[in-house]
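Subject: Structure for you to look at

Dear colleague,

I am passing on the structure we spoke about, and I would be glad if you could open it before reading further. My notes come after it.

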Amino acid sequence: MFILELTYTAPLSAVDAHLEAHVAWLDQQYEAGVVLASGRKNPRDGGVLIAVAEDRAEVEKIVAEDPFTVAEVCAYRITEFYATKTAPALSAYREELPA
């Protein structure tokens, strides 16, 4: 599982110019089962996504396709973790620690 933290690197006016395309990209990631949750940070200087993927390389490829990344209005920080304990609603995403 991955925590994707994005930080805006451009003024909000530039971010907002790409917001519609970013939301459409997010919708595609939800449909593909990659993104489980997402939202703006408060204060509004970026956002956070919770994602699942086979490996970091796949996540890096997906993030590279985000219109915010393409437009160079944000930077992503990718944190991989093992979801060894979850709420019941997320039990399908529980993971075992590697041996």
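Below is what was found, beginning with the core and ending with a single loop residue.

Please keep in mind throughout that this is a predicted model.

The largest nonpolar core has 19 residues, and those with the most contacts inside it are Leu4, Leu6, Leu49, Phe68 and Tyr76. Two or more residues each are given to this core by strand E1 (2-8), helix H2 (19-31), strand E3 (46-51), helix H3 (56-64) and strand E4 (74-80), and the largest share, 4 residues, comes from E1.

That strand is a good place to start looking, and its side chains alternate along its length. Phe2, Leu4, Leu6 and Tyr8 point to one face and are buried, whereas Ile3, Glu5 and Thr7 point to the other face and are not buried. E1 also has strand partners: with E3 it pairs in the antiparallel sense over 6 bridges, and Ile3 stands opposite Ile50 of E3. With E4, E1 likewise pairs in the antiparallel sense, over 7 bridges, and there the bridge partner of Glu5 is Arg77.

Tyr76, one of the core residues with the most contacts, is worth selecting on your screen. If neighbours within four places in sequence are left aside, Tyr76 is in contact with Leu4, Glu5, Leu6, His22, Trp25, Leu49, Val63, Asp66 and Thr69.

Next comes the empty space. Rolling a probe the size of a water molecule over the atoms shows where such space is left. A search of the whole structure finds 1 cavity of 30 Å³ or more, and about 40 Å³ of space lies in the largest cavity. Its lining is formed by Leu4, Trp25, Val34, Val35, Ala51, Val59, Ile62 and Val63, with H3 giving the most to that lining, namely 3 residues. Which kinds of residue, nonpolar, polar or charged, make up this lining? The lining residues divide into 8 nonpolar, no polar and no charged.

Finally, please look at Lys41, which lies in the loop between strand E2 (35-40) and E3. Is this residue buried or exposed? Lys41 counts as buried, because its relative accessibility is 18% and the cut-off for buried is under 20%. Not counting residues up to four places away in sequence, Lys41 touches Glu5, Leu6 and Thr7, and also Gly46, Gly47 and Val48; of these, Glu5, Leu6 and Thr7 are residues whose side chains follow the alternation along E1.

With best wishes

Technical notes: Residues are numbered from 1 along each chain as its sequence is written. This is a predicted model: local features need pLDDT of at least 70, side-chain atom pairs count only at pLDDT 80 or more; totals for chains, interfaces and linings use all residues. Side-chain values use heavy atoms; hydrogens and water are left out. A nonpolar core is a set of buried Ala, Val, Leu, Ile, Met, Phe, Trp, Tyr and Cys residues joined through side-chain atoms within 4.5 Å. Buried means under 20% relative accessible area, exposed over 50%, partly exposed in between (1.4 Å probe, protein chains only). Contact means heavy atoms within 4.5 Å. On a 1 Å grid over the protein atoms alone, a cavity is a set of points where a 1.4 Å probe fits but cannot get out, and a pocket is an open set with protein on both sides within 12 Å along at least five of seven lines; lining residues have an atom within 4 Å of a point. Grid points are joined across faces, edges and corners, and a volume is the space filled by probe spheres set on the points. Ala, Val, Leu, Ile, Met, Phe, Trp, Tyr, Cys and Pro count as nonpolar, Asp, Glu, Lys and Arg as charged, and the others, Gly among them, as polar. Two strands pair if DSSP finds at least two bridges between them.
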